[in-house]
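Have a look at the sequence and the model. Then work through some short questions on why certain terms apply.

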Amino acid sequence: MVSSVPTASNPVTTIWSCATPPLARQLQHFRCPLPIGSSSVGIFVPILRVSREINRNRLGKSVHRIRNKLNVSFALMVFASLATGNLHAQLVNGGFETGTLAGWTLGGQVHVAVVQSANFNPGPVAAPEGTHFAAISTGPGQLSNTTYDVDGNGANEFDMSSMQQTVTFTSTSSPAMLLFSWNFPSSEQDQPTQFDDVFDVQTTIGATTSRVFSGSACKNDGSSFSPFPNVACSGSTLLNWTIVNAAPITNTSLRYGVGPWQQACVAIPGTVIGSNTVTITVRAADQSDNQFDSALLVDNFTIQPNCNSAATTLQQITSSNGANVQVKNGGVVFTPVDNGPPLSADNTGTAFAFASTGNYTGDNPNALQQIFVYDNSSYTRVTGLTIASGGQVEGVSLSGPLVGSLHGRYVAIAATLNAAASQQIYRWDRQTSTLTQVTNTTGCANKNPSISGDGSRIAWETTCNAFTGQGTTQKVVYGTFAATWSAPVNFMSTGTPAASCKGFEPHLSRGDTGNFIALRSTCNLTGTTPVATLGDIFRYNISAATWLRAATTETLATTNNFGPSIDAATAGNAGRYVYFISDGNYFNVTNDTQLEIYRYDFNTSTLKQITTTQAGSGYISVHQASDGTGALFSYEFVNGSTNRFEDGTGNFNGTTLTLKLGATMALSLNADVGVDAGNVPTVLFLSNDDLKSPSQNADGNTEVYSARTP
Amino acid sequence: MMSALVRLLFSFAISFLAVATVHAQRSAPSTFDIYGYRAYDSSGPQCSYSYIDASGGSLLNLTAASGAAAASDDGGAVVNLAAPFQLYGVSGNTLVASSNGYLAAASDLSAEDGGDFSGDCPLPAIADNSAASQARIYAYHADLDGAPNLGNMYAQYFAVCPRAGEFGVAEACTVVQWQNWAERSQTGVLNMQAVLYHTTFEIALQYQTLDASQGATATIGTQSDNATSGNAYGCGGSRSLAPATAVCFFDPRYIPVQIDRIFGNGFETP
């Protein structure tokens with residue numbers, strides 16, 4: 001059973017779109033190629049990692065070192081986190097939780113009401129914040145012949161209503177940012193081009209009014225009459241919803257239902273550090289006629305110093321600076337102190353393993369990439385595995401729930417110990433400081449490890465014939481630890497064509513013994529063709545030795561499916577949910593080839609598309625939490641309209657989705673998720689942005705950030 | 001009565017401190033690490049200077065670590081030991097001697113190329129040459145070169161060490177010697193040696209002559225595998241050396257009787 005997106009049971013998704021701070025312009029392009037042979041999504045990453053030798057002529061030598069002095073001051077971090085987000089005074093009733101429009105002044109046809117999910121028939125429409133939100137309707141039906149021209153295209157608009165509020169506040173940033181959730185379902189979706197209903201948000205300071213946000217109705221055929229950008233479609237199936245019991249907008253017709261919520265974060269032009277008085281005006285109007293209805297749904301208006309969610313606790317965990325510079329024989333070797341890319345969180349998000357050239361434990365002054373574990377407030381180095389010059393850490397995976405006395409007790413590592421070494425898999429036991437080597441091969445690679453929650457099993461990609469019997473063709477294998485590591489198991493031997501099909505991105509179920517492996521493969525592992533050229537998502541049950549595919553209706557060879565992440569549930573729900581990213585158009589939504597997050601339920605064989613993004617944007621990673629619910633995950637989203645990365649957490653209950661933004665940035669690199677004892681998800685990610693105020697990363701090194709999203 | 005008792009106790013305490021101070025002044029400077037290596041120099045009775053001529057031993061043929069520098073500048077040579085030597089409790093039969101003034105516990109040049117030309121401070125510190133063993137004896141680790149003074153490196157095994165170890169037992173030793181060596185950008189001739197004892201695993205570093213830096217830019221110490229423990233007697237200019245002096249490192253299992261075994265500060269030294 002495969003459900004389609006545009007149904008009443010579809011998830012309500014939330015998508016962020018933010019204004020463009022100046023730094024965002026530095027990131028002009030992003031791309032997500034998914035070539036065969038790559039184990040992860042390739043994204044253009046303009047991070048500088050320089051290790052070069054300049055001029056081998058002998059000029060005499062001296063050694064200059066810029067010693068990295070750690071400035072990790074957790075007290076300072078805590079202070080900084082407390083110091084941000086201070087804006088005195090706020091909008092009145094910005095979340096409409098009073099159930100009224102108190103604080104707001106209505107205009108135009110004044111067809112505005114505070115509604116909740118029960119006001120949508122059949123619904124539901126979950127509020128992005130609290131239970132209430134506002135609806136500005138162009139209906140029901142024809143209201144007036146008064147004309148407007150909200151979008152300035154010269155065509156008449158009708159049935160315009162507005163809501164407005166003036167707020168005085170003290171800002172700690174310039175410009176201050178206006179954040180709100182919005183949704184613009186329209187019955188014009190399948191109507192001729194000129195019936196392109198519109199909405200906008202304006203801010204006014206003194207005599208200056210600025211349009212800070214706008215949109216027009218989605219069109220199934222992709223056309224647009226208004227200069228305002230088309231919003232994402234609610235779906236392509238006629239549902240014929242109506243708004244009920246919400247005078248004066250009762251009987252507003254929403255023929256395509258209500259699609260995903262989105263979040264906006266826009267700069268308020270003219271705001272200064274200090275006191276500001278701003279009038280915010282929100283309008284919606286019916287373009288070219290006054291027949292088919294549209295409704296602008298809005299919620300949770302706040303003014304903040306930045307785009308980060310007010311409730312989010314964003315911390316910069318690592319603090320690296322400086323570099324190691326050696327001059328030898330006239331050659332200069334410059335090694336920056338930096339973190340990542342490998343990063344992996346435990347089940348709580350309070351501990352993580354990562355690769356770094358930092359000197360966090362005082363024994364790495366030469367800035368050689370090593371593996372470290374951060375656990376609450378302290379760093380330890382994986383001292384059993386010292387990486388020499390020319391070596392590299394390819395991947396790390398931290399185990400999950402408590403084993404012995406530690407969360408994340410075990411670290412799976414893929415690394416080359418020096419320039420001449422082969423890539424091997426290791427496991428480090430943090431509790432006993434014991435290293436075990438899982439592979440010992442030559443002339444081939446072992447990489448991208450994934451460790452089970454209890455640390456007893458590791459799956460990885462390998463090109464070693466000794467493990468696969470398939471030459472250098474990349475497969476996924478796994479090993480299990482008892483007293484020693486078992487021989488790697490080539491469980492993909494059933495796939496065809498065996499000699500050439502490949503396996504990628506293994507992800508063991510976390511929180512248990514790792515009985516399930518989710519992966520991407522070009523092999524026909526279930527005997528069902530076709531398999532996408534770039535691979536489909538499969539699940540292998542180790543104890544039962546059975547394969548299942550995340551069955552879809554999408555069969556395009558060019559479809560990118562990647563990044564599978566399996567849950568850690570137990571008993572009947574074990575291995576039930578797999579999240580992954582795909583640009584496939586599985587639900588035949590018009591023009592929907594964006595990278596979206598999907599969840600496949602192996603118990604019910606149901607695929608859900610849980611996000612819906614606009615063209616030019618997309619999700620590039622999803623990591624399911626190992627809390628066993630199958631609902632919580634982290635995401636990385638590239639907002640094409642702002643050229644900003646947005647990292648956060650999501651909660652999908654099978655019907656509705658809530659996304660919580662952790663932070664926006666010019667560049668994000670890798671993200672993982674944990675859920676703490678309070679059931680609050682935390683997204684951990686790498687970024688070279690300076691996300692905190694006051695500044696903590698002025699040198700632009702890649703740092704590990706943590707955003708707790710209650 | 002109470003006052004007299006307090007006065008007596010106070011006097012006793014003063015006397016104790018005075019004795020302790022005398023002993024502390026008598027003790028040579030020492031350093032320690034997590035493993036328990038303890039280092040003393042020849043300014044005190046814990047470590048003697050008695051240079052051994054090892055030039056009659058095997059000439060070490062250095063191999064360049066890379067094409068960037070000559071073997072005498074950045075190179076290494078394997079020293080096959082006639083008897084095992086334990087460094088940080090780990091036994092080995094081979095060492096790699098580096099032109100840059102250190103010995104590494106390694107079986108061959110693929111494990112240690114001798115090319116680490118920059119001394120680290122403090123220890124432990126992960127070494128940064130391409131093929132690096134972290135378990136090392138830093139005799140005089142700096143950017144050294146044999147070419148300026150036409151130097152040679154030698155290794156020689158003595159069934160009975162000509163320099164008696166501080167533990168007081170007759171034992172074999174291996175001497176690795178840098179003869180007529182130089183530190184780049186410094187004047188002067190560096191003649192030094194590492195004496196490795198095969199029973200007590202004492203390490204005696206002896207400096208016959210020094211370059212003009214007098215060790216100010218060199219790292220002198222020991223480090224364990226994986227850089228989990230390290231003992232820098234001197235680094236980054238923390239201590240200078242003098243010609244005709246020695247620095248001794250004692251394995252915690254074989255602490256000589258003339259060294260206090262508890263505090264390392266002279267309090268209980270006889």
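The questions below concern a predicted model, and they turn to a sheet and then to an interface.

Q: Why are strands E27 and E28 of chain A said to pair?
A: Pairing needs at least two bridges between two strands. Strand E27 (residues 457–462) of chain A is joined to E28(A) by 6 bridges. The requirement is met, so the two strands pair. They run antiparallel. In this stretch, A:Trp460 stands opposite A:Val477 of E28(A).

Q: What makes E26 and E28 of chain A edge strands?
A: The open sheet has 3 strands in the order E26-E27-E28 (chain A), with antiparallel pairing. Strand E26 (446–451) and strand E28 (475–480) each pair on one side only. Neighbouring strands of this sheet are turned by 25° against each other on average, direction ignored.

Q: How do you know that chain B and chain A are in contact?
A: Contact means heavy atoms within 4.5 Å. By that rule, 23 residues of chain B are in contact with 26 residues of chain A.

Q: What is buried between chain B and chain A?
A: About 1,800 Å² is buried between them. Of this area, 46% lies on carbon and sulfur atoms. The side of chain B that touches chain A has 9 nonpolar, 7 polar and 7 charged residues.

Q: How many salt bridges and polar contacts cross this interface?
A: A salt bridge needs a side-chain nitrogen of Lys or Arg within 4 Å of a carboxyl oxygen of Asp or Glu. The rule finds 0 salt bridges across the interface of chain B and chain A. It finds 6 residue pairs in polar contact, with both residues at pLDDT 80 or more.

Technical notes: Residues are numbered from 1 along each chain as its sequence is written. Chains are lettered from A and ligands numbered from 1 in the order in which they are written. This is a predicted model: local features need pLDDT of at least 70, side-chain atom pairs count only at pLDDT 80 or more; totals for chains, interfaces and linings use all residues. Side-chain values use heavy atoms; hydrogens and water are left out. Helices (H or I, at least four residues) and strands (E, at least two) are DSSP runs, numbered from the N terminus. Axes are lines fitted to C-alpha atoms, for helices over the stretch in contact, and angles run from 0 to 180 degrees between N-to-C directions. Buried area is the accessible area (1.4 Å probe) that two parts lose on being put together, summed over both. A polar contact is a pair of N or O atoms within 3.5 Å; within protein, one must be able to donate a hydrogen and the other to accept it, and residues adjacent in sequence count only if both atoms are side-chain atoms. Ala, Val, Leu, Ile, Met, Phe, Trp, Tyr, Cys and Pro count as nonpolar, Asp, Glu, Lys and Arg as charged, and the others, Gly among them, as polar.
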